[in-house]
Amino acid sequence: MSKRKLARGVAVVGAGMSQFGVFPQKTTRDLFVEAFQELRASVDKGLEPNDIEALYIGNYSSELFEGQGHTAPIMADWVGLTPRPATRIEDACASSGVALRQGVLAIASGAYDMVLVGGIEKMNNLPIAAVTEVLATAGDMLYEIPAGFTFPGFYATMATAYMHRYGAVPEALMQVAKKNHDNGALNPKAQFNSTIADVMAAKQRSAEKRGRPIPTWDNEMAFLHDDRANPLIAWPLRLFDCSPVTDGATAVLLVSEAIAKQYTDDPVYIIGSGQASDGALHDRPDLTTLGAAKQASQMAYEMAGVTPADIKIAEVHDCFTIAEIIATEDLGFFAPGTGHEAAEEGLTARHGTKPINTSGGLKAKGHPVGASGTGQAVEIFKQMRGHADARQVARDVDLALTHNVGGIGQTAVVHIYERR
């Protein structure tokens, strides 16, 4: 199979996101308007919305979460883009990552010169048991869900297989959680805008206010080992190993390379894109890797003409802490079985040799499933342009990557970004 190249260059010239969190008073429309407004403000030389030619929206399940279908034209209407064509993309948690790829391909094909790509999800309209049922539809409803699997169970299965094969320990997962909370504490849009130490202090203040015994812990790791403060969800995964239920929206503006400098002197180019699929978890020969992610990343690397060693930072799909560790191996950053060591050694920290999830990741920034893929692109856009404020990495970021997974890896999409 010949190596694929984009027929013409594609650039990101604007990006924005709503606040991530729990918003009973807000609708998906409100959240998408917030993301679009921040996107408009990020376009250095200004944006006339009438220049946008099409809209691609990632959304997993507005029908089940909100009772609302046909969401793409609604979003187009609320940001003033009708009668432009609006298309909704559904690929579970990879929905907006795949929407981003469709936008890239639309511009590369010559069909459009400017498209808006977004992601939306409003998950907190339902009680947590109902949210769990909705998310379960991304698994295999014929074979896996009737056997009692939920998504923590899926990833706990992967974690136990990984630990058995490579000798990893739960503390490696805890280090991922701690690192991502450290990053999320520096992200004002994050749902968990606090370090683990901040969480500990908040629990102590709450106990004192209620007149209860004040808990004490020697350090963050002691807190994460505490069964009451950080209960087991599905061994070895604890509460702080799991991403939250999140409301949020994100938006990215793509243009052809030929017109990028009309909007900013500092565009970010998308030079590689790959997508792949896989079967359900129960039918895979290896539970310690996501085959679709490996395939998608190889496609993206070949298209971009770069290697894993060239990537300076990455936003990866850490719906659970084990997912981040496996992702760093699937993407070729670390050899199979060594990602857990890299996490414990601090290599993936913001000032480490391979910073991962400087936004706080899905773990701390939040995981509005249909919006998470383009949310990753928002962080990369900010980091590559030096606009990430307190969480800005110290190194020069000329190449970066996003890795977005749907379900238990049945879909994976990878993009590579360049600043010139």
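Strand 9 and strand 10 (residues 399-406) run parallel and are joined by three bridges. Within strand 10, L401 is the bridge partner of A314. The model is predicted. Both strands belong to an open sheet of nine strands with mixed pairing.

**Sheet layout**
- The strand order is 3-2-4-7-1-8-11-10-9.
- Strand 3 (86-89) and strand 9 (313-315) form the edges, and each pairs on one side only.
- On average, neighbouring strands of this sheet are turned by 25° against each other, direction ignored.
- Strands of a sheet pair through backbone hydrogen bonds, either parallel or antiparallel.

**Helices on the sheet**
- Helix 3 (residues 71-78) lies across strand 2 (54-58), strand 3 and strand 4 (114-122).
- Helix 3 runs at about 130° to strand 3.
- Helix 14 (residues 372-384) packs on the sheet and touches strand 1 (10-17), strand 4, strand 7 (247-256), strand 8 (268-277), strand 9, strand 10 and strand 11 (411-418).
- The direction of helix 14 makes about 170° with that of strand 10.

**Helix 4**
- Helix 4 (residues 95-108) has 14 residues, so at 1.5 Å a residue it should span 20 Å.
- The end C-alpha atoms of helix 4 are 20 Å apart, which agrees with that expectation.
- Helix 4 is mostly covered, with twelve of its 14 residues buried.
- Among the buried residues of helix 4 are S95, V98, L100, R101, V104 and I107.
- G97, G103, A99, A106 and A108 of helix 4 are buried too.
- G110 follows helix 4 and has a positive phi, near 95°.

Terms used:
Residues numbered from 1 in each chain as written. Predicted model: local features only at pLDDT ≥ 70, side-chain atom pairs only at ≥ 80, totals over all residues. Heavy atoms only, no water. Pairing = 2+ DSSP bridges. Helix = DSSP H or I, 4+ residues; strand = E, 2+ residues; numbered from the N terminus. Axes fitted to C-alpha atoms, helices over the stretch in contact; angles between N-to-C directions. Contact = heavy atoms within 4.5 Å. Expected span 1.5 Å × (residues − 1). Buried < 20%, exposed > 50% of the residue type's maximum accessible area, 1.4 Å probe, protein only.
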